[in-house]
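Me: I'd like to go through this one with you, starting at the ligand and then moving outward. Could you pull it up?

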Amino acid sequence: MRSLEKMIPANPKLQWMEDELKRLESEGRLRSLKNTELTADGCLVREGRRMLNLASNHYLGLPLAAPEAGAPHRSGAAASRLVVGNYPELSSFEEEFASFKGTESALVFGSGYAANVGVISSVADRDTVVFSDRLNHASIVDGIVLSRADYMRYKHRDLDHLETLLKREAAKDGSARRRRLIVTDSVFSMDGTTAPLKELVGLKERWGAILMVDEAHSGGVSGDEGQGLVHEQGLTERVDIIMGTFSKAYGSYGAYVAGAEVLKRYLVNHARSLIYSTALPPSVIAATRRNWMLAREEGWRRERLRTLTEAFRARLAASGFRLIEGDTPIVPLLVGGNESTVRFGEALQARGICAIAIRPPTVAEGTARIRFSLMAVHREGDLAEACDTIAEEGRRLGVI
Ligand SMILES: Cc1ncc(COP(=O)(O)O)c(C=O)c1O
């Protein structure tokens with residue numbers, strides 16, 4: 001276990017994970033990650049011992065030869081992390097990333113989709129009820145379906161509705177035995193809205209639930225060094241499972257789950273998308289580490305993104321467009337009808353502006369929209385000009 005400057009007290013909501021790990025151990029079925037260094041001559045070094053590597057899937061030995069061919073990092077991890085794919089750079093990256101997030105541990109997954117599906121289907125089962133914001137990402141929905149848990153959707157950001165569902169569940173006979181999981185995006189990908197995290201933490205504590213937050217769109221963007229929205233709001237120790245991706249602000253690929261050490265050990269033994277999938281390659285982890293460092297150090301990117309976002313939102317609103325309220329760089333402009341939205345999107349592309357028309361079933365019927373997403377490298381002048389063009393086309397097509 002990592003030594004923490006400030007030990008976080010054990011989370012009683014996760015005690016059942018500890019019990020399950022003890023059970024696996026007593027049956028001789030406990031798995032753990034072992035640092036493994038592969039060598040170009042078909043061997044490996046594990047726990048200080050050099051062994052012949054008869055466990056790799058790199059049949060032609062290709063990525064192992066890559067350093068000699070000039071590539072600084074191997075392009076492949078050879079196998080699942082539980083076989084021989086747990087290379088030292090991955091473990092050290094996880095340790096450093098956990099301390100950045102302020103959690104006991106972090107576990108890297110192949111992608112955000114794999115993380116959500118793997119985590120939710122491990123933490124929830126037939127005896128669990130999952131309360132999920134109805135605008136949560138598809139990978140969360142798929143994780144819930146795969147878990148076979150009882151699935152309750154609450155209205156978007158509607159705390160009263162969520163509490164009604166939590167109360168109804170608590171009133172049921174025998175429901176005390178059911179595990180409760182509340183899951184939410186921190187920033188909703190199609191609406192750019194933000195979850196009421198403080199209130200969700202209050203509800204999860206009042207009703208004895210586990211809370212999972214997907215920080216896909218706030219990692220790198222929120223927090224003084226990009227630690228995310230949970231950290232920015234001082235809630236790290238009160239959120240049980242924090243998940244995020246490296247594919248968005250971090251400009252790389254892969255994902256992480258941050259939380260208690262027991263959560264990591266539990267997932268290593270249960271999350272099928274981790275156990276039965278090849279580890280992310282060293283080349284990807286190296287790129288992620290590089291971008292993560294840049295994101296931490298270059299606070300001007302976050303600052304600039306905020307300034308550009310405010311100006312962009314204000315300009316479009318002043319032209320009379322209906323925007324979904326928010327302060328994130330995801331700016332949805334509501335059009336309504338599917339065909340008119342597609343026509344608007346095509347007109348913008350013809351004028352040199354690429355933004356995607358989003359229609360049902362990705363969003364609710366009658367709420368088709370153009371989704372703009374901003375970047376710190378955009379130029380003020382380009383965005384101002386784009387807003388004028390968007391307004392011209394909006395007027396021409398009767399959107400405003
Ligand atoms: C909220 C949210 N969670 C998870 C994912 C999946 O992440 P990835 O693209 O890394 O699989 C996405 C990306 O589309 C997302 O928007």
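Me: Which side chain has an N or O atom 2.6 Å from a nitrogen atom of the ligand?
Reply: That is Asp214, whose side chain places an N or O atom 2.6 Å from a nitrogen atom of the ligand; please keep in mind that this is a predicted model.

Me: And what lies 2.9 Å from an oxygen atom of the ligand, backbone or side chain?
Reply: For Gly112 it is the backbone, with an N or O atom lying 2.9 Å from an oxygen atom of the ligand. Ser247 also has an N or O atom 2.9 Å from an oxygen atom of the ligand, but in that case the atom belongs to the side chain.

Me: How much of the ligand does the protein bury?
Reply: The protein buries 84% of the 390 Å² that the ligand exposes when it is taken alone.

Me: Which residues come nearest, and how many are around the ligand?
Reply: There are 14 residues around the ligand, and of these Gly112, Tyr113, Asp214, His217 and Lys248 come nearest. By class, the shell is made up of nine polar, three charged and two nonpolar residues.

Me: Which element gives the largest share of that shell?
Reply: Helix H4, which covers residues 112–123, gives the largest share with three residues.

Me: Changing topic to the sheets, what is the strand order in the one with seven strands?
Reply: The order is S4-S10-S9-S8-S7-S5-S6, in an open sheet with mixed pairing. Its edge strands, each of which pairs on one side only, are S4 (105–109) and S6 (150–154), and the twist from one strand to the next averages 20 degrees.

Me: Do S5 and S6 run parallel or antiparallel, and over how many bridges?
Reply: Strand S5, residues 128–133, pairs with S6 in the parallel sense, and the pairing extends over five bridges. Within this region, Asp133 stands opposite Tyr154 in S6.

Me: Which strands does helix H3 touch?
Reply: Helix H3 (residues 88–101) packs on the sheet and touches S4, strand S9 (241–245) and strand S10 (255–259), with a direction that makes about 125 degrees with that of S4. Helix H6 (residues 159–171), for its part, lies across S5, S6 and strand S7 (179–185), and it runs at about 150 degrees to S6.

Me: What about the sheet of three strands, what is its order?
Reply: That open sheet has the order S1-S2-S3, and its pairing is antiparallel. S1 (36–38) and S3 are the edge strands, each pairing on one side only, while neighbouring strands are turned by 25 degrees against each other on average, direction ignored.

Me: How many bridges join S1 to S2?
Reply: Three bridges join S1 to strand S2 (residues 43–46), and the two run antiparallel. As one example from this pair, Glu37 has Val45 in S2 as its bridge partner.

Me: Where is His58, and which backbone nitrogen does its side chain reach?
Reply: His58 sits in the loop between strand S3 (49–52) and helix H2 (62–65), and its side chain reaches the backbone nitrogen of Ala78 at 3.0 Å. Leaving aside neighbours within four places in sequence, His58 is in contact with Pro63, Gly76, Ala77 and Ala78.

Me: Is the phi of Ala78 positive or negative?
Reply: The phi of Ala78 is positive, at about 80 degrees, although Ala78 is not a glycine. Ala78 is found in the loop between H2 and H3.

Me: One last backbone check: is the peptide bond from Pro360 to Pro361 cis or trans?
Reply: That bond is cis, with omega near 10 degrees. Pro361 has its place in the loop between strand S13 (356–358) and strand S14 (368–373).

Key. Residues numbered from 1 in each chain as written. Predicted model: local features only at pLDDT ≥ 70, side-chain atom pairs only at ≥ 80, totals over all residues. Heavy atoms only, no water. Near = heavy atom within 4 Å. Polar contact = N/O pair within 3.5 Å; in protein donor to acceptor, adjacent residues only side chain to side chain. Areas by Shrake-Rupley, 256 points an atom, 1.4 Å probe, with all protein chains shown as cover. Helix = DSSP H or I, 4+ residues; strand = E, 2+ residues; numbered from the N terminus. Nonpolar A, V, L, I, M, F, W, Y, C, P; charged D, E, K, R; others polar. Pairing = 2+ DSSP bridges. Axes fitted to C-alpha atoms, helices over the stretch in contact; angles between N-to-C directions. Contact = heavy atoms within 4.5 Å.
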